[in-house]
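Work through these exercises with the structure open beside you. Try each task before you read its solution.

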Amino acid sequence: MDALLQQLKALEIAKMGSTQFIRGLLASILLNAAFCTPGMCISLFGALVNAEKTDRPKPSPGFSKLTVVEAEKAIAGNLCRCTGYRSIADACKSFAADVDLEDLGLNCFWKKGENPDVKVSRLPSYDHNNEICTFPEFLKCEVKSSFLLDSQKSSWYNPVSVKELQSLLKAIKGNNGARIKLVAGNTGMGYYKDLQQYDKYINLCHVPELSIIGKDRTGIEIGATVTISKAIKALKTETNGEILSESEMVFKKIAVQMEKIASQFVRNTGSVGGNLMMAQRKCFPSDIATILLAAGSFVNIITDTMHEKLSLEDFLERPPLDSEIILTSVKIPKWEPIKNESSEKDCKILFETYRAAPRPLGNALPYLNAAFLAEVCRWKSSGEIALNKCVLAFGAYGTKHSIRARKVEEFLAGKKLTLDVLYESIKLVGASVVPEDGTTSSAYRSSLAVGFLFDFLGPLIDNVAKISNHWLDNHGSATISTVDEVKQNYEQPDHAKVPTLLSLSKHVFEVTKEYQPVGEPVKKSGAALQASGEAIFVDDIPSPMNCLYGAFIYSTKPFAKVKSIKFKSKSLPYGVSALISFKDIPKDGENIGSKSIFGPEPLFADEMTRYAGERIALVVADTQKHADVASNLVAVDYDMDNLEPPILTVEEAVKRSSFFEVPPFFYPKQVGDVSKGMAEADHKILSAKMKLGSQYYFYMENQSALALPDEDNCLVVYSSSQCPEFSHSTIARCLGLPQHNVRVITRRVGGGFGGKALKSIPVATACALAAHTLQRPVRMYLNRKTDMIMAGGRHPMEITYSVGFKYSGKITALQLDILINAGISPDISPAMPHNMVGALKKYDWGALSFDIKVCKTNHSSKSAMRGPGETQASLIAEAVIEHVASTLSMDVDSVRSINLHTHDSLKMFYVSSGEALEYSLTSMWDKIAMSSSLNHRTEVVKDFNRNNVWQKRGISRVPVVHEVIVRPTPGKVGILSDGSVIVEVGGIELGQGLWTKVKQMAAFALSAIKCDGGVELLDKIRVIQSDTLSLIQGGFTSGSTTSESSCEAVRLSCKTLVERLTPLKERLQVQMGSVTWEMLISQAYLEALNLSASSFFVPDLNSMQYLNYGAAVSEASLSRTPFDFRWFMIQN
């Protein structure tokens, strides 16, 4: 009991100690869906702790020892899928001692012209004198002796020596082939999602021989279980001259490359040996294997009683090692300085590492990695440079393991470096680094290899240096006169190559007191709960007693008959309770999994499956893992005889006339006469083609639901949903129940982007069906792989366009033929033509004609995704504009400006154009050019491009016109006896701040009662979760207007309450003179005044549809050696 109390006390202290930096994060209003925020907080906390341990100078009051680069790196491995990266990074940087306050997008904290001290005082203060609360030491004191932890299915062992480990492996080997897993950090589970249940788990972390870090004259030896973070620290440690400069340089470069692996918290757990074993056994695209291969490393392994020392290359090329072979350590050799036999030349070691990945730092596997080590010599008389020998290692490009480009090494060995030699070596690399068949982006990966080698050798060749006198910035002077200069350029400080990830931000708020607190920058509602990890999402709800867990079985065929579904074994897999399919739907129910106004989608395939990824059945088991494992143990018997081939492309859909009907009111009207516009054109581009792919939602919270059987044949379903009302009616229809028997509750959603609208309904419905059938609680949390297969995502499409235009760049006509791949069910796809054309009309095309077909194919149904249709259409519009500009050799910004609407042309294209004074795009267009210094920056970009061959910059200004549609929305407001206020709205809090805006509107509307006492109504208001039986007709949360309509519904409800309270307040004021809010509400309760009001906001025809305008300027930098791209500035 004492130990338990100690743990609770320690955790409470840690929680209290974390509040100061959590408050800092909250103060910057960084949170959106906030499912990722607790991880960000912990990452930042770790960075603060480590910074305080350094011997850096004491920072200014309110700041920590953290640096800006460290602050950004702290969260570089954390994923955020909303729009919070900028504000999160700014909040983290606000703790840094070297932060430039003007670079922070926190302008809401201070006023223009305030001095820096005042600005600092407005930021949340960090007190570095407080004791930093870390994980309690006594909890780290594990029992470091051998012990066995038995469970019903598996055993866990903790050997404390290699000898004990070998004995254990030998004993298990004789145990009739028991399945063994050796475990260190076990971070490989994050990549391989291993669902196999092992019989024996052996923890290697307490074996001293495997956790050594040894340094001697021959190099550094790192034990197999040493974490990547500890290895980085060891490689970076200064040795006061004991290690020669060449070796120190190699070690530091290895450490810097290791810092780009995964994220800090993964590196703190993942081991060097585990990474190498994954590369050897499972062809893992390892960065560590590549860089250590180039460094000439060796590994030590133990097989039975035999110790072997292998080169890393031999180790990787062996057949996959079994679990009985133990990797004990890896040895990175020192590279001795080359002894110059002649005074005529100067020789040095050069080492460089490379990595190209979707993200520059953290949590993204590389397209290609490489590491090069070379012995270079320069003849003092001629200045020529030669390679004595070199090691060129490449990995992660679609091969089994990292390799050395031996042919290129042999070609370069002993050669003087010239342009011809460089050219030949590049050709050899292109032929050597060839991804295997089926590798994605294979041509890009091969081009990266060429770029990497060019980047490494280019600075060594005088002619290449003269070609670009700013070669990749980090390589220094125009000509390379000495090898020492080359070496110095290759030894730039670690941070020189890694600029801060986000460069500049500025928020400008214009707030009026008239509607206070509406529009004011306030802390987001629920932010403290979200940042601390205390916010309850669906999967955080504690499982009820006897709860079961579900996992979908989905089709692997696009079009086939389903003959049978059964488990591969005769008996049910361990933990499985049932297999639910369409046959289990009640007689009065329907096989319906979701619905839209255009039609339903089945919950399960019946006798036919119509697309790969279609739900066939639901496995229900006692744990989520058992359900996931069991779903992979099901055999589905398909029959494809006498069936037509599936429709997998839009071209095939056109051939077979497979289309969804678009209701006439969703199909927009053509604009103008295209034939006439084409006849007036000086130039024409005919039948140009574009192809746009799909996109996965990647919300941080996967689809999840919990269904609870209730009394009297009722169900309560918790769902992470953007439209609980649709889930409610779908569940009732599926189960054949009246809707008043079903209650759907949604508190908040951990990211949606449209994917939690219709795509969340089948998950909730399947849980409800299983719970209703088995009369037990059933919950489900889709794993990421299943979620990605079933999600559908953004609509892919193929576009053909013809455009006519004048010499001036003015476009006279645009003709579009668009084929949209909608998948198997209509979902929201018939609305896509309307959405697309609305966004396409942002320019004055003169005349606009289009033929948009919504194709039905044997793919998962595509659904709403962040600007469905508008996103693709805006890209199409910009592609047309840029094509015209390119054809005329005109500046694209000029072509955009020429084709902006006047109010007269706007009226021709948009019915909801509004009054002339409301058309603000042209003034906004000019204003952003001034605020972003567009003209000056354009000249700077042009000058940069003229003077740099290998790096290029671009800058663009883009407009947007968004046609907004406001939908009816309900609201309810109640005032409780203590004066606190409770609010319900139809909109769902997805992270967009809907609850915050609703609270502000309620505070504003109720303040009309004008009570005395200066009460802050905003603090008295709580918005509660969505409940489909408490507030009906909630509708969709989508289209960027739900906050607006929810606020209006709340305003109307508050207006009713104010009208009821005003006579009472006036009467009390006459009697008492001063009336406080609490006094008024208390008296209202005594007089039985109705203090609950509901409303249903229905927009009138004038406000139902209107136009929003926007403009943005962005600047980017791109290296022509294809592995470096970064944004410089975005302003909107």
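**Exercise 1. Cysteines and burial**

Is C734 buried or exposed? Classify C1047 as well.

Solution. Remember that the model is predicted.
- Step 1. The cut-off for buried is under 20% relative accessible area.
- Step 2. C734 has a relative accessible area of 0%, so C734 is buried.
- Step 3. C1047 has a relative accessible area of 10%, so C1047 is buried too.
- Step 4. Set this against the whole protein chain: 52% of its 1132 residues count as buried.

**Exercise 2. The disulfide**

Which cysteines form a disulfide? Give the geometry of the link and place both ends in the fold.

Solution.
- Step 1. A disulfide is a covalent bond between the sulfur atoms of two cysteines.
- Step 2. The cut-off is sulfur atoms within 2.5 Å. The sulfur atoms of C347 and C377 lie 1.9 Å apart, and these two cysteines form a disulfide.
- Step 3. The count by this rule is one disulfide.
- Step 4. The S-S bond has 110 degrees about it, and the link between C347 and C377 is right-handed.
- Step 5. Now place the ends. C347 sits in strand β10 (residues 345-356), and C377 sits in strand β11 (residues 368-379). The two are 30 residues apart, and the pair links distant parts of the chain.
- Step 6. Check burial. C347 has 6% relative accessibility, so C347 counts as buried. C377 has a relative accessible area of 0% and is buried.

**Exercise 3. The surroundings of β11**

How does β11 pair with β10, and how does β11 pair with β12?

Solution.
- Step 1. Strands of a sheet pair through backbone hydrogen bonds, either parallel or antiparallel.
- Step 2. β10 and β11 are antiparallel, with 12 bridges. In this pairing, A356 has L368 of β11 as its bridge partner.
- Step 3. β11 and strand β12 (residues 385-395) are also antiparallel, with 10 bridges. Here L373 stands opposite V391 in β12.
- Step 4. Look at the turn. β11 and β12 make a hairpin with five residues between them. G383 in that turn has a positive phi of about 80 degrees.
- Step 5. Finish with burial: 11 of the 12 residues of β11 are buried.

**Exercise 4. A three-strand sheet**

What is the strand order in the open sheet that holds β15? Which strands stand at the edges?

Solution.
- Step 1. The order is β19-β15-β21, and the pairing is antiparallel.
- Step 2. β19 (608-609) and β21 each have a single partner strand, so each has one side without a neighbour in the sheet. These two are the edges.
- Step 3. β15 and β19 pair over two bridges. K561 has M608 in β19 as its bridge partner.

**Exercise 5. Two covered helices**

How many residues of α22 are buried, and how many of α28? Find what each helix packs against.

Solution.
- Step 1. Helix α22 (residues 624-631) has six of its eight residues buried, so α22 is largely enclosed by the rest of the structure.
- Step 2. Those residues are Q624, H626, A627, D628, A630 and S631.
- Step 3. They pack against several strands, including β15 (560-567) and β21 (634-639).
- Step 4. Helix α28 (residues 832-840) has eight of its nine residues buried. Among them are M832, P833, V837 and L840.
- Step 5. The buried residues of α28 pack against strands β27 (797-805), β28 (811-823), β29 (848-856) and β30 (951-965), and against helix α29 (870-888).

**Exercise 6. A helix crossing**

Are α13 and α14 roughly parallel or roughly perpendicular? Describe their contact.

Solution.
- Step 1. The axes of α13 (residues 272-282) and α14 (residues 287-294) come within 8 Å and cross at roughly 95 degrees.
- Step 2. Angles of 65 to 115 degrees count as roughly perpendicular. Therefore α13 and α14 are roughly perpendicular to each other.
- Step 3. From α13, V272, N275, L276 and A279 meet I288, A289 and L292 of α14.
- Step 4. By class, this contact has six nonpolar, one polar and no charged residues.

How values were computed:
Residues are numbered from 1 along each chain as its sequence is written. This is a predicted model: local features need pLDDT of at least 70, side-chain atom pairs count only at pLDDT 80 or more; totals for chains, interfaces and linings use all residues. Side-chain values use heavy atoms; hydrogens and water are left out. Buried means under 20% relative accessible area, exposed over 50%, partly exposed in between (1.4 Å probe, protein chains only). Helices (H or I, at least four residues) and strands (E, at least two) are DSSP runs, numbered from the N terminus. Contact means heavy atoms within 4.5 Å. Axes are lines fitted to C-alpha atoms, for helices over the stretch in contact, and angles run from 0 to 180 degrees between N-to-C directions. Angles under 35 degrees count as roughly parallel, over 145 as roughly antiparallel, 65 to 115 as roughly perpendicular and the rest as oblique. Ala, Val, Leu, Ile, Met, Phe, Trp, Tyr, Cys and Pro count as nonpolar, Asp, Glu, Lys and Arg as charged, and the others, Gly among them, as polar. Two strands pair if DSSP finds at least two bridges between them.
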